[in-house]
Amino acid sequence: IVDLFYAARWLEKEMGWSSDQIGVYGRSHGGYATMRAMTFDPATNGRNENYDFGFGLGDAGFSDIKAFYDATNIPDWVVLESGDPNNADDLAKMRDRSPVNHVARLRAPIFLLHGENDWRVPVEGSRAFASEAKKLGKAITYREVPGQGHSVKGVDRVAENFQARFD
C-alpha cells in the first residue's frame with residue numbers, strides 16, 4: 001500500500017499533478033488495495049505514511065479479511081498473505097488491516113463495482129464497505145452487477161461499467 005503512496009507522490013513531482021487528479025484503481029486483491037489505500041492509518045507499522053488520493057475505483061475487492069477468509073474458496077491464500085485467523089495476534093492484525101473497520105478515514109470519492117455472484121471474492125465485502133460509507137455520509141458509488149461473477153462478461157456490460165466509472 002505504501003508503494004501506492006510513493007507512486008502518487010512521484011506523479012505529483014514528475015507530472016505536476018495535484019493529489020485530486022491522482023486516483024487509485026484495482027480489482028480483486030487490487031480492489032482491497034484501493035479501499036485500504038484510501039482508509040490507511042498513517043500509524044501502521046510506525047511508518048507515518050499516507051496519501052490523499054483524489055478518488056478510488058475498486059472492483060471485486062474484499063473489505064474484511066476475516067470475513068473473506070470465512071467465505072472464499074481460497075482461504076489458504078488468505079493465511080499465506082495475512083496470517084491464521086485462529087491465532088489471536090493474526091486475527092487482530094487482520095481486523096486492523098480491514099478497510100471496512102476504517103471507513104471513517106475515507107476522504108475522497110470511491111467507486112466500487114462487484115458482481116453479485118462472485119464466488120472468489122464474495123460480494124458481501126463490497127456491500128459492507130458501501131453500507132458503512134453511506135452510513136457515515138462518505139462519497140461512495142456502489143454498483144453491483146446482476147448475474148455476474150468475479151469479472152464482468154459481455155461487451156455491453158463491460159462498456160456500461162466503464163461508463164459508470166467515467167461518470
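## Exercises on a predicted model

Asn45 is exposed, with a relative accessible area of 63%. Keep in mind throughout that this is a predicted model.

**Exercise 1. Work out where Asn45 and Ser28 sit, and say what is notable about the phi of each.**

Start with Asn45. Its place is the loop between H2 and E2. Now check the backbone: phi of Asn45 is near 55°, a positive value in a residue other than glycine.

Next, take Ser28. You'll find Ser28 in the loop between strand E1 (23-27) and H2. Ser28 isn't a glycine either, yet its phi is positive, at about 65°.

Last, look at the cover. Anything under 20% relative accessible area counts as buried and anything over 50% as exposed. Asn45 comes out at 63%, so Asn45 is exposed. Ser28 has 18%, so Ser28 is buried.

**Exercise 2. Describe the fold of the chain: how many helices and strands are there, and what pattern do they follow?**

Count the elements to begin with: there are seven helices and four strands. Then walk along the sequence, and the pattern reads α-β-α-β-α-α-α-β-α-β-α.

Now for the dimensions. The C-alpha trace spans about 45 × 45 × 30 Å along its principal axes. For 167 residues, a compact globule would have a radius of gyration near 15 Å; the chain has 16 Å, which agrees.

How about contacts? Take those between residues at least 6 apart in sequence: 70% of them join residues at least 24 apart.

**Exercise 3. Characterise the surface and the charges of the chain.**

Burial goes first: 45% of the 167 residues count as buried. The chain exposes about 8800 Å², and carbon and sulfur atoms supply 51% of that area.

Then tally the charges. You get 20 positive and 24 negative side chains. The centres of the two sets lie 2 Å apart.

**Exercise 4. Trace the aromatic contacts of Phe5: which residues share its cluster, and which parts of the chain do its pairs link?**

The structure holds eight aromatic pairs. One of them joins Phe5 and Phe40, with 5.2 Å centre to centre and 75° between the planes, an edge-to-face arrangement. Phe5 belongs to helix H1 (residues 2-15), whereas Phe40 is in the loop between helix H2 (29-38) and strand E2 (55-59), 35 residues apart.

Now turn to Phe53. The ring centres of Phe5 and Phe53 are 6.1 Å apart and the planes are at 45°, so this pair is tilted. With Phe5 in helix H1 and Phe53 in the loop between H2 and E2, the pair ties together parts that are 48 residues apart in sequence.

Put the rings together: Phe5, Phe40, Tyr51 and Phe53 form one aromatic cluster.

Finish with burial. Phe5 has 0% relative accessibility and counts as buried. Phe40 is buried too. Phe53 is also buried, at 7% relative accessible area.

**Exercise 5. Decide whether H2 is largely enclosed or open, and list its buried residues.**

Go through the helix residue by residue. The buried ones are Gly31, Tyr32, Ala33, Thr34, Met35, Arg36, Ala37 and Met38. That makes eight of the 10 residues of H2, so this helix is largely enclosed by the rest of the structure.

**Exercise 6. Map the surroundings of Val100 and Asp64: where does each one lie, and what does each one touch?**

Locate Val100 in the loop between helix H5 (88-96) and strand E3 (110-115). Its relative accessible area is 16%, so Val100 is buried.

Leave aside neighbours within four places in sequence, and Val100 is in contact with Ser63, Asp64, Ala128, Phe129 and Glu132. For a distance to check, the C-alpha atoms of Val100 and Ser126 are separated by 8.9 Å, with their positions 26 residues apart along the chain.

Asp64 is on that contact list, so let's follow it, citing its accessibility: at 25%, Asp64 counts as partly exposed. Asp64 lies in the loop between E2 and helix H3 (65-71). Not counting residues up to four places away in sequence, Asp64 touches Ser98 and Val100.

One more distance to try: the C-alpha atoms of Asp64 and Arg105 are separated by 16 Å, and these residues are 41 apart along the chain.

Definitions and conventions. Residues numbered from 1 in each chain as written. Predicted model: local features only at pLDDT ≥ 70, side-chain atom pairs only at ≥ 80, totals over all residues. Heavy atoms only, no water. Helix = DSSP H or I, 4+ residues; strand = E, 2+ residues; numbered from the N terminus. Rg over C-alpha atoms; globule rule 2.2 N^0.38 Å. Buried < 20%, exposed > 50% of the residue type's maximum accessible area, 1.4 Å probe, protein only. Contact = heavy atoms within 4.5 Å. Areas by Shrake-Rupley, 256 points an atom, 1.4 Å probe, with all protein chains shown as cover. Lys, Arg positive; Asp, Glu negative; His and termini not counted. Charge placed at Lys NZ, Arg CZ, Asp CG, Glu CD. Phe/Tyr/Trp six-rings, centres within 6.5 Å; stacked < 30°, edge-to-face > 60°.
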